[in-house]
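Please walk through this model from its sheet to its cores and then to its cysteines. The account below keeps to what can be computed from the atoms.

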Amino acid sequence: MMKQIVAIVGDYYHREADSKASLLAALQTEAGAGEMNIRFVGREQLIEALSERPDAVILFAEDRLAPERDENARWMTPEAAAQIVRYVEAGGGWLAWHSGLASYDPQGEYVKMLRGHFLMHPNEHQPVTYTGDSGSFQILDEHYFVECDTERTEVFLRSSSVDGESIAGWKHAHGAGRVACFTPAHRPEGLLNENVLKQLRDCVVWCSGE
């Protein structure tokens, strides 16, 4: 049966076209071209999309709506966070990708579900090495530093650069559902790197319950 995937991508610092191209490329690799149907929606359509019970949701967008103008303008209300958590606990899949980890309330229900969140990245892009069970690769990237409750999740990817080391990917069950978090990548060439695409596809496949 074809998996139904909903994706919210793009924010002030991340072009929608770049993350959309990455996601489409990831889901069309190998033999999986016909296995998933992906639908892109806006933040304001998320709750309606959740009511349709997709197999997984992908979020590549931070909480701030206009960080250059109003630091306090946010889109994820406590009600929206509660709806997301209920969707996952009932068996849905959730992938927080790159900025989908950024600027959300660390004490809110959404971040509690993720069991980790973005802390900061250095101003300069640097070569970042990502290392997992299948080996390592390097891209020029924003090096995301995160806080992660490693005792309550499975870390599958780590990152290192001249700026230090961090965790770059983790996953766990939440209720009857699944949650994964994946920090690469920011630049268009990183988003289309074949290793990033493979890791991204693995995350979506796992979240969707395959």
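The paragraphs that follow begin with conventions and then turn to the sheet, the cores and individual residues.

This is a predicted model, in which local features need pLDDT of at least 70 and side-chain atom pairs count only at pLDDT 80 or more, while totals for chains, interfaces and linings use all residues. Residues are numbered from 1 along each chain as its sequence is written, and side-chain values use heavy atoms, with hydrogens and water left out.

Helices (H or I, at least four residues) and strands (E, at least two) are taken as DSSP runs, numbered from the N terminus, and two strands pair if DSSP finds at least two bridges between them. On these terms, nine strands make up an open sheet of mixed pairing, in the order β2-β1-β3-β6-β13-β12-β11-β8-β9. Its edges are β2 (36–40) and β9 (135–141), each of which pairs on one side only. With axes as lines fitted to C-alpha atoms, for helices over the stretch in contact, and angles running from 0 to 180 degrees between N-to-C directions, neighbouring strands of this sheet are turned by 20 degrees against each other on average, direction ignored. Helix α1 (residues 16–27) packs on the sheet and touches β1 (3–9), β2, β3 (56–60) and β6 (93–97), and its direction makes about 170 degrees with that of β2; contact here means heavy atoms within 4.5 Å.

Strand β13 (residues 177–182) is mostly covered, since five of its six residues are buried, where buried means under 20% relative accessible area, exposed over 50%, and partly exposed in between (1.4 Å probe, protein chains only). On one side β13 pairs with β6 in the parallel sense over five bridges, and leucine 95 stands opposite alanine 180 in β13. Strand β12 (residues 164–174) pairs with β13 in the antiparallel sense over six bridges, with cysteine 181 as the bridge partner of tryptophan 170. The two strands β12 and β13 form a hairpin with two residues between them, and glycine 175 in the turn has a positive phi of about 60 degrees.

Attention now moves to the edge formed by β9. Strand β8 (residues 126–132) pairs with β9 in the antiparallel sense over seven bridges, and proline 127 stands opposite leucine 140 in β9. Phenylalanine 137 also lies in β9 and counts as buried because its relative accessible area is 10%. Leaving aside neighbours within four places in sequence, phenylalanine 137 is in contact with residues including Val128, Tyr130, Asn193 and Gln199; its C-alpha atom is separated by 9.5 Å from that of asparagine 193, although the two are 56 residues apart along the chain.

A nonpolar core is a set of buried Ala, Val, Leu, Ile, Met, Phe, Trp, Tyr and Cys residues joined through side-chain atoms within 4.5 Å. The largest has 34 residues, and those with the most contacts inside it are Trp94, Tyr110, Met113 and Leu114. Helix α3 (residues 78–89) contributes the largest share of this core, six residues. Another core, of 31 residues, lies apart from it and has among its members Leu27, Ile38, Ala168 and Leu191.

Finally, which residues might be linked by sulfur? A search of the whole structure finds zero disulfides, a disulfide being a pair of cysteine sulfur atoms within 2.5 Å. The sulfur of cysteine 207 is not bonded to that of cysteine 203, its closest cysteine sulfur, because the 6.4 Å between them is too far for a bond. Cysteine 203 is buried at 5% relative accessibility, and cysteine 207 is buried with a relative accessible area of 3%.
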